[in-house]
Amino acid sequence: MLGRIGLFQIDSVNVATRAHTMPLFSRLGPYRTSLLERSAARRPRVLFEYWAHEASLLPVETQPLLRWRMERAADGKGIYGGLARFGRERRAFIDEVLAEVARRGPLAASDIDGHTGTSGWWQWSDAKRALEWLFWAGYVTTHSRKPSFERLYDLPERVLPPEILATPTPAPEDAMRGLVEIAARALGVGTASDLRDYFRLPPADCHARIEELVEAGMLVPVAVKGWPQQAYMHREARLPRKVRARALLAPFDPLVWERARTERLFDFRYRIEIYTPAEKRVYGYYVFPFLLDEGLVARVDLKADRQRGVLRVQAAHAEPGAPPETAAELRAALSEMASWLGLERVEIGERGDLADTLKAAEELNRLDVDLETR
């Protein structure tokens, strides 16, 4: 599955489950998350962390395609302004931190004496800034994470497979062409903006690589009804007669993370409201779109209450034109997700125009279970 979609975006919010664990569940159903953890933290290493579409888990084979980004970061380019400035002004300290990782790694920022740090990225300690600069520049990589999700850093040669490190570094143009192809294969069809956004590529570089892939026959220029922009289809993409699907999607799922594309595909306006004051939220704090067949038909604000063993549906909203079976299908998807998370039941709140119908579907499901038991 990772070979198909290219990467899993990482996010620290754990109100329901961490974002990188969801895409596999959305596409394959319940799986043992330990499989993902082993792939990302144990030998032989299958996944590694780096900045792709934000912080992401990627196949180790993709690492050479991102070395141009590491080299630019080391030169102070393509990196957040404050961190680039820190890299210029505090290079001696950064070198000291790198030496400490080489001597004692794997290390977290909080393991470095005098640099305990804080919980917010805007309040990073100097050690955390140094480690993140080194991470951007490719001098360190993620070894694993603490239970608190704090990153442990180590030298790439102690983490990545030797054959990956020995792979020649491609020219930036070749690497970006490879990344655009991964994006095109994952999306099937997309605009230049969609393809660029997948790995957050520089616009000028990306447009040139798209044209080269068109010339090579890897991408096919197409027109999509209702899209004013030129679109491109991967030559191996197939058009099914019908799509049958049912999936809850994390806010950082590749299907919906590019919000403009989500609107073009599904007429579904989606904004994450974590940073919106509670009284101003429209749909909720951490909202999962619900895919049913070929449309996004509903959205639910979810929270895993692990102490009570409950998956709480804090709000449920239906989209205009949602089919009659939406509530029953959504109820089944919620029950499957609760079971996967090791929670005993689903609890539906009062908020949202779908809440009452969802409760009715829950009651009907309970009656069915009771009849089967009898």
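These legends accompany a set of views of one predicted protein model.

**Figure 1. The whole chain, with its 14 helices and 13 strands**. Welcome to the overall view, a good place to get your bearings. The radius of gyration of the protein is 22 Å, close to the 21 Å from the globule rule for 374 residues, so the protein is as compact as a globular protein of that length. Measured out along the principal axes, the C-alpha trace spans about 70 × 55 × 40 Å. Of the 374 residues, 49% are buried. Take the contacts between residues at least 6 apart in sequence: 61% of them join residues at least 24 apart.

**Figure 2. The surface and the charged side chains of the protein**. The accessible surface comes to about 18,700 Å², and carbon and sulfur atoms account for 51% of it. The protein carries 54 positive and 53 negative side chains. The centres of these two sets lie 1 Å apart.

**Figure 3. Helix H5, residues 81-89, and its buried residues**. Here you can pick out Leu83, Ala84, Phe86 and Gly87, the buried residues of H5. They cover an arc of only 160° around the axis, which puts them on the same side of the helix. Turn to the other side of H5 and you will find Arg88 and Glu89, which are exposed. The cover over the buried residues of H5 includes helix H6 (91-104) and helix H7 (126-137).

**Figure 4. The cis peptide bond between Gly105 and Pro106**. For the bond joining these two residues, omega is about 5°. Most peptide bonds are trans. To find the spot, look in the loop between H6 and H7, where Pro106 has its place.

**Figure 5. Arg145 in strand S4 and the residues around it**. Strand S4 runs over residues 141-145, and Arg145 is found in it. With a relative accessible area of 24%, Arg145 is partly exposed. Leaving out residues up to four places away in sequence, Arg145 touches Ile10, Glu49, Glu150, Arg151 and Leu152. For a sense of distance, try Leu66: Arg145 and Leu66 are 79 residues apart in sequence, and their C-alpha atoms are 22 Å apart in space.

**Figure 6. Arg200, a residue with a positive phi**. This view shows the loop between H10 and helix H11 (203-215), where Arg200 is found. Its phi is near 50°, a positive value in a residue other than glycine. Most residues other than glycine have a negative phi. Arg200 counts as partly exposed, at 31% relative accessibility.

**Figure 7. Asp253, a buried residue in a loop**. Follow the chain from strand S9 (246-248) towards helix H12 (259-266), and Asp253 is in the loop between them. The relative accessible area of Asp253 is 1%, and since buried means under 20%, Asp253 counts as buried. Residues up to four places away in sequence aside, Asp253 touches Pro23, Ser26 and Arg27.

**Figure 8. Helix H12 and the elements it packs against**. In H12, the buried residues are Arg259, Arg261, Thr262 and Phe266. Seen down the helix axis, these residues fall within an arc of 155°, so they line one face of H12. They pack against helix H9 (172-187), strand S6 (189-191), helix H10 (192-198), S10 and strand S11 (295-305). Just after the helix comes Asp267, with a positive phi near 55°.

**Figure 9. Leu292 in strand S10 and its contacts**. Strand S10 covers residues 287-292, and Leu292 has its place there. Leu292 counts as buried, at 7% relative accessibility. Setting aside neighbours within four places in sequence, Leu292 is in contact with Ala245, Arg246, Val297, Pro323, Glu325, Thr326 and Glu329. Asp356 is 64 residues from Leu292 along the chain, and the C-alpha atoms of the two are separated by 19 Å.

**Figure 10. Asp293, in the loop between S10 and S11**. Asp293 is not a glycine, although its phi is positive, at about 55°. This residue is buried, with a relative accessible area of 19%. The cut-off for buried is under 20%.

Methods. Residues numbered from 1 in each chain as written. Predicted model: local features only at pLDDT ≥ 70, side-chain atom pairs only at ≥ 80, totals over all residues. Heavy atoms only, no water. Helix = DSSP H or I, 4+ residues; strand = E, 2+ residues; numbered from the N terminus. Rg over C-alpha atoms; globule rule 2.2 N^0.38 Å. Buried < 20%, exposed > 50% of the residue type's maximum accessible area, 1.4 Å probe, protein only. Contact = heavy atoms within 4.5 Å. Areas by Shrake-Rupley, 256 points an atom, 1.4 Å probe, with all protein chains shown as cover. Lys, Arg positive; Asp, Glu negative; His and termini not counted. Charge placed at Lys NZ, Arg CZ, Asp CG, Glu CD. Arc of directions from axis to C-beta.
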